[in-house]
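Reader: Hi, I am new to this one and would like to go through it slowly with you. Could you put it up so that we can look together?
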Amino acid sequence: MREGLGLNLEQTQKLIMTPELRQAIVILQLSTLELADYIQQELQENPVLEVRDDGEVAAGCESREENDPFDIDWQEYFQDGSDLGYVCEPREELPEWYPENFPTGQPTLQDHLLLQLQIAATNPRQVEIGSFLIGNLDSNGYLKISLKEAAALLKVPQADVWQVLDLIQHFDPPGVGARDLVECLLLQLRQRGEAPAGTEKIIRGFLPDVAEGRLTRIARRLNMSLPAVQAAVDYIRSLDPKPGRSFGGSLDNRYIVPDVIIERVGDEYVVLVNDLAMPRLGINPVYQALLRKEAACDPRTRQFIESKLNAAAWLIRSLEQRRLTVYRVVNCLVKEQREFLDKGLKYLKPLTMRQVAAALGIHESTVSRATANKYVQTPQGVFELKFFFASGVEKRGGAAAAESIKKMISEAIGREDPASPLTDQQLQEMLQRQGIRISRRTVAKYRDEQGIPAAAKRKRY
């Protein structure tokens with residue numbers, strides 16, 4: 001066959017990852033709070049975008065022009081705003097002076113201790129030493145500096161440092177200022193009192209055995225009865241190994257804001273996308289007026305404004321597309337997990353993203369992005385959207401979700417006889433009688449994931 005050059009015309013399809021498409025993908029996988037920060041950044045970078053209140057938005061919707069002489073990408077934005085979001089819908093807002101609009105602070109552990117120090121100290125020198133020691137406490141309330149090192153840095157006798165430390169160790173919360181776990185528990189033991197016999201000896205020498213549930217070994221070593229050891233161990237477990245964890249700064253608080261709310265109305269469930277944290281976006285009318293006047297600006301300025309208008313219109317469209325995608329995905333989850341919403345965790349069904357994608361006619365990666373970093377508020381509680389995509393195991397007549405099996409295990413353990421707790425083998429046999437095919441190793445894994453100890457550690461004497 002003779003070789004040669006030729007020119008052929010072919011028609012092909014391919015996906016080009018444009019900056020606009022990349023932006024839409026990023027917006028889809030952001031949570032509500034992250035999206036609010038993203039919008040604020042866009043407002044700073046794009047002068048065409050502006051935040052509008054409901055009155056301005058409604059007026060803009062009424063005065064929108066039908067015809068626009070410019071044949072550019074953002075022309076449809078001025079012609080039709082119905083697909084650009086929910087900007088024309090009024091919403092209820094709290095007044096600016098409403099108390100919930102003001103953040104509240106929580107005193108830190110250091111603040112709490114310094115206040116007590118000001119009351120308990122007898123001289124300024126003790127206040128100085130105490131402030132230094134309190135400043136060297138970690139978030140759990142433990143002292144992270146030795147007395148010798150503190151005395152050297154403060155240039156005071158070590159006995160004075162110990163005297164102030166002993167004063168701090170009598171402060172609230174009990175156990176604060178300890179240098180290790182044993183001292184922390186002994187401080188609480190000293191303040192609470194009425195401990196069972198042998199509690200102090202167990203704290204000083206048998207904490208690893210307490211953690212592993214080796215009560216028989218403790219009883220044999222201390223020549224105590226098993227019920228007495230059990231009472232002492234129960235008392236020790238009621239103490240707080242981290243007395244400072246109940247305090248924290250405002251930066252340590254992490255609140256979950258649900259991205260979607262599912263409410264029951266009659267016999268149906270209604271899906272509401274939570275968009276109250278996001279501002280209502282619009283186009284600055286000044287820039288619109290500049291483009292409608294031929295001599296108002298030079299070609300370079302016009303080109304700059306048009307590019308910013310295109311970016312603003314695409315951002316608003318991406319926000320609306322995100323809202324619709326999240327709504328469709330959650331609405332599908334409501335249909336698939338209706339029994340869970342009605343009856344609770346034991347009725348959660350196994351579900352995959354591929355099933356939801358096939359039902360909605362979208363790609364599986366779109367479902368993954370739409371559910372990433374998002375939470376939903378349901379009548380059964382607040383859950384991460386990924387929670388509904390639960391793996392499952394085979395059971396008689398279908399499949400059971402892993403979370404529902406965990407619920408069965410925890411309920412069975414809650415009903416067990418403390419003197420003869422259920423072993424993993426007995427739990428497996430119980431589940432198999434209910435038609436759930438599961439191995440003993442899987443039962444142990446589900447039990448560990450719920451923080452439930454093994455049967456030997458749950459046994460009561």
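Author: Let us settle one term before we start: a residue counts as exposed when its relative accessible area is over 50%, as buried when that area is under 20%, and as partly exposed in between. Please also keep in mind that what you see is a predicted model.

Reader: Good, then let me try the term out on Lys155: is it buried or exposed?
Author: Lys155 has a relative accessible area of 75%, and because the cut-off for exposed is over 50%, Lys155 counts as exposed.

Reader: And where does Lys155 sit, and what is its phi?
Author: Lys155 is found in the loop between helix H7, which covers 147–154, and helix H8. Its phi is positive, at about 60 degrees, although Lys155 is not a glycine. For background, most residues other than glycine have a negative phi.

Reader: Which other residue that is not glycine has a positive phi?
Author: Asn223 is one of them, with a phi near 55 degrees. Asn223 lies in the loop between H12 and H13, and with a relative accessibility of 72% it counts as exposed.

Reader: Since you mention those two helices, how do H12 and H13 pack?
Author: Helix H12, residues 215–222, and helix H13, residues 226–237, pack at an angle of about 115 degrees, and their axes are 9 Å apart. That angle makes H12 roughly perpendicular to H13, and the crossing of the two is right-handed.

Reader: Which residues meet there?
Author: From H12 they are Leu215, Thr216, Ile218 and Ala219, and these meet Leu226, Val229, Gln230 and Val233 in H13.

Reader: Which other pair of helices is roughly perpendicular?
Author: H15 and H18 are one such pair. The axes of helix H15, residues 299–336, and helix H18, residues 364–371, come within 10 Å and cross at roughly 95 degrees, which makes H15 roughly perpendicular to H18. Thr325, Val326 and Val329 of H15 make the contact with Thr366, Val367, Ala370 and Thr371 of H18.

Reader: Changing topic, which peptide bond is cis?
Author: The bond from Asp172 to Pro173 is cis, with omega near 5 degrees. Pro173 is found in the loop between helix H8, 158–168, and helix H9, 181–192.

Reader: And Arg179, where is that, and what is it in contact with?
Author: Arg179 has its place in the loop between H8 and H9, and it is partly exposed, with a relative accessible area of 37%. Leaving aside its neighbours within four places in sequence, Arg179 is in contact with Tyr142, Leu143, Leu147, Trp162 and Leu165. Arg179 and Lys144 are 35 residues apart in sequence, while their C-alpha atoms are 7.0 Å apart in space.

Reader: How many disulfides are there?
Author: Taking a disulfide as a pair of cysteine sulfur atoms within 2.5 Å, the count comes to zero. As for the cysteines themselves, Cys184 is buried, with a relative accessible area of 0%, and Cys332 counts as buried at 8% relative accessibility.

Reader: Finally, what does the protein chain look like in overall numbers?
Author: The protein chain has 22 helices and eight strands, and of its 461 residues, 39% count as buried. It exposes about 27,400 Å², of which carbon and sulfur atoms supply 51%. Among its contacts between residues at least 6 apart in sequence, 64% join residues at least 24 apart.

Definitions and conventions
Residues numbered from 1 in each chain as written. Predicted model: local features only at pLDDT ≥ 70, side-chain atom pairs only at ≥ 80, totals over all residues. Heavy atoms only, no water. Buried < 20%, exposed > 50% of the residue type's maximum accessible area, 1.4 Å probe, protein only. Helix = DSSP H or I, 4+ residues; strand = E, 2+ residues; numbered from the N terminus. Contact = heavy atoms within 4.5 Å. Areas by Shrake-Rupley, 256 points an atom, 1.4 Å probe, with all protein chains shown as cover. Axes fitted to C-alpha atoms, helices over the stretch in contact; angles between N-to-C directions. Parallel < 35°, antiparallel > 145°, perpendicular 65-115°, else oblique. Left-handed = near helix turned anticlockwise from the far one by under 90°.
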